[in-house]
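Visitor: I'm new to looking at protein structures. Could you walk me through one?

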Amino acid sequence: MIDWFSSIQIAVAILAGVLCLIVGLTGRTPNDYTLGATAVVELLLVVQFVVALIAPAAGNQPRGDLLEFYVYMVSALLLPAAAVFWALIDRTRWSTVILGVACLAIAVMVFRMNEIWLVQNA
């Protein structure tokens with residue numbers, strides 16, 4: 001993982017989560033902005049996944065448990081996709097709130113993945 005990219009990822013996930021929560025709690029259904037914000041969070045996760053696959057070969061070894069990291073990574077990759085799928089099927093305001101909660105959960109998961117990779121000692 002790259003520290004500055006993780007920070008950007010956390011900030012984008014928090015902004016997307018707050019946007020979706022505000023839109024959802026004001027009674028609006030999922031729209032292009034909320035779904036697009038969640039898609040950006042997913043795209044950044046995919047980039048982070050590719051970086052995490054290449055980083056050990058480039059000498060950037062994780063300090064923590066690699067299995068735990070990849071469990072977080074795969075779970076994080078599935079969460080926004082599942083939230084978007086839910087929002088496309090159930091077009092209510094609560095689907096927008098779910099998008100926000102998923103994005104905020106991604107922010108926490110990326111923070112934890114960053115700790116596993118850069119801080120934690122095995």
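Visitor: Where is the place of Arg112?

Guide: Start by finding the element a residue belongs to. This is a predicted model, and in it Arg112 sits in helix α4, which covers residues 93-118.

Visitor: Which helices and strands does the chain have?

Guide: Count them up, then read them in order. You'll find 4 helices and 0 strands, so the pattern along the sequence is α-α-α-α.

Visitor: Back to Arg112: is it buried or exposed?

Guide: Somewhere in between! Buried means under 20% relative accessible area and exposed means over 50%. Arg112 has 22%, so it counts as partly exposed.

Visitor: And which residues is Arg112 in contact with, leaving aside neighbours within four places in sequence?

Guide: Those are Glu68, Tyr72 and Gln120. Take Tyr72: it is 40 residues from Arg112 in sequence, but their C-alpha atoms are 8.2 Å apart in space. For the chain, look at contacts between residues at least 6 apart in sequence: 87% of these join residues at least 24 apart.

Visitor: What makes up the nonpolar surface patch?

Guide: Val46, Val50, Leu53 and Ile54 make a patch of about 340 Å². One of them, Val46, lies in helix α2, residues 32-54. Its relative accessibility is 38%, so Val46 is partly exposed.

Visitor: How does the radius of gyration of the chain fit a compact globule?

Guide: Compare two numbers. A compact globule with 122 residues would have a radius near 14 Å, and the chain has 15 Å, so the two agree. As for the box filled by the C-alpha atoms, that's roughly 45 × 20 × 20 Å along the principal axes.

Conventions:
Residues numbered from 1 in each chain as written. Predicted model: local features only at pLDDT ≥ 70, side-chain atom pairs only at ≥ 80, totals over all residues. Heavy atoms only, no water. Helix = DSSP H or I, 4+ residues; strand = E, 2+ residues; numbered from the N terminus. Buried < 20%, exposed > 50% of the residue type's maximum accessible area, 1.4 Å probe, protein only. Contact = heavy atoms within 4.5 Å. Patch = residues over 30% accessible without salt bridge, like charges linked within 9 Å, V, L, I, M, F, W, Y side chains within 5 Å. Areas by Shrake-Rupley, 256 points an atom, 1.4 Å probe, with all protein chains shown as cover. Salt bridge = Lys/Arg side-chain N within 4 Å of Asp/Glu carboxyl O. Rg over C-alpha atoms; globule rule 2.2 N^0.38 Å.
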